[in-house]
Structures are given as structure tokens and as C-alpha cells.
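User: Hi! I have a protein model open and I'm new to this. Could you walk me through it?

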Amino acid sequence: MIEPGLDVLFCGINPGLYSGATGYHFARPGNRFWPALHASGFTPRRFDPSEQHELLALGLGITNVVNRATARADELTGDELRAGGLRLAEKAARYRPRWLAVVGITAYRTAFGRPRAAVGRQPHSLGETRLWVLPNPSGLNAHWTPTTLAEAFADLRHAVYSE
């Protein structure tokens, strides 16, 4: 779900088995991506994963670092993540989103060779595309509550629309 000139291209790590089966990003019940997207002000209401195509009209898109569906992101190899980072750089050059927001710090660190990266705005870019890292919204990520996850998404929204 991508087109040229998006404000933000959100990038999940990879589809979970449920998303792989449905064909929708962040589709598993309990995944907090869609609630955080709404609570942060990116969307006027909480979208269902089946409505993901409606994001394009808002200047938003979704892709993945790796396309292979797995039960858990930690089943991916470093080589898969690094290859995904190269594909993302190619997508950024081709589609030229203003921001690429990778949803998952560990995957970002591996995919882009930035072992010390932290959540938030990154000091480097992919050409003209600025980079931001968001926490993984999976229900398995207990370090981030729904409130703090929405705040992290809101920080990105502020950066996107204030510059």
C-alpha cells in the first residue's frame, strides 16, 4: 500500500501469520497499530485493518521490512532484515515519501546497521526521506502501553506536520 509522495510510509517488520492470511497490515486482534494511529491524530477515526487502503487519501502508506510471514518477528534472520533495509532504501528513492517510519526498533537497528538507534527521529535519511523509528505495536511488546505508544506516534505526527 504505497504511492508516490506520501507524507509518511509506515513500515512494519513483517506480516504475522494472521496478517499473512488476511492480506492486511497489523491485522491481528490485539495489535495496537490502528488504535495508536488514531489516538495520535493521524486518522480521524480508528480504522479496521480491512480499510488500510483509505490511508492513501490521508497521505499515509504501509509496507514491511520483510515480506515473509512468521509467528514472531524474532524468527527473521539478520540477512533477511538487511536485505529488507536495502529494499526500503529503493522504495524511498522510487516513491519519495517525506518520512519513513519503521515500526520496531530492533528490526530497524539490524536492517539499517544502526545498533545504537533509539525510538524517534533518526539523524540520517534515505536521500530526501527522513527516518523515524516507532515502537513495535504488537501486544507482545509490554514495554509500551497504549498511551505511551500513542504518544510516540503523536511525536512523529508533530514532526511531519510542523515542518
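Analyst: Happy to! One term before we start: a residue is called buried when its relative accessible area is under 20%, and exposed when that area is over 50%. Keep in mind too that this is a predicted model.

User: Got it. So how many of the residues in strand β1 are buried?

Analyst: Five of its five residues are buried, so β1 is mostly covered. The strand covers residues 8-12.

User: Which residues sit on which face of β1?

Analyst: V8, F10 and G12 are on one side, while L9 and C11 are on the other, and all of them are buried. That every-other-residue pattern has a general background: in a regular strand the side chains alternate between the two faces of the sheet.

User: Nice. Which strands does β1 pair with, and in what sense?

Analyst: One partner is β2, joined to β1 in the parallel sense over five bridges. Another is β3, residues 99-103, which also runs parallel to β1 and is linked by four bridges.

User: What stands opposite C11 in each of those?

Analyst: In β2 you will find T63 opposite C11, and in β3 you will find V102. Next along, G12 has N64 of β2 opposite.

User: What about β2 itself, why is it described as largely enclosed?

Analyst: Because five of the five residues of β2, residues 60-64, are buried, the rest of the structure largely encloses the strand. Both of its faces are covered: L60, I62 and N64 lie on one side, G61 and T63 on the other.

User: Okay, zooming out. How many helices and strands are there in the chain?

Analyst: There are five helices and five strands. Starting at the N terminus, the order is β-α-α-β-α-β-α-β-β-α.

User: And what about the overall size?

Analyst: The C-alpha trace spans about 35 × 35 × 30 Å along its principal axes. A compact globule of 163 residues would have a radius of gyration near 15 Å, and the chain's 14 Å agrees with that.

User: How much of the whole chain is buried?

Analyst: Of the 163 residues, 47% count as buried. The accessible surface is about 8100 Å², and carbon and sulfur atoms make up 52% of that.

User: Last topic: how many charged side chains are there?

Analyst: The chain has 18 positive and 14 negative ones, with the centres of the two sets 4 Å apart.

User: And the contacts, how many link residues far along the sequence?

Analyst: Taking contacts between residues at least 6 apart in sequence, 67% join residues at least 24 apart.

Notes: Residues are numbered from 1 along each chain as its sequence is written. This is a predicted model: local features need pLDDT of at least 70, side-chain atom pairs count only at pLDDT 80 or more; totals for chains, interfaces and linings use all residues. Side-chain values use heavy atoms; hydrogens and water are left out. Helices (H or I, at least four residues) and strands (E, at least two) are DSSP runs, numbered from the N terminus. The radius of gyration is taken over C-alpha atoms; the globule rule is 2.2 Å times the number of residues to the power 0.38. Buried means under 20% relative accessible area, exposed over 50%, partly exposed in between (1.4 Å probe, protein chains only). Contact means heavy atoms within 4.5 Å. Accessible areas come from the Shrake-Rupley method with a 1.4 Å probe; for residues, only the protein chains shown count as cover. Lys and Arg count as positive and Asp and Glu as negative; His and the chain ends are not counted. The place of a charge is taken as NZ of Lys, CZ of Arg, CG of Asp or CD of Glu. Two strands pair if DSSP finds at least two bridges between them.
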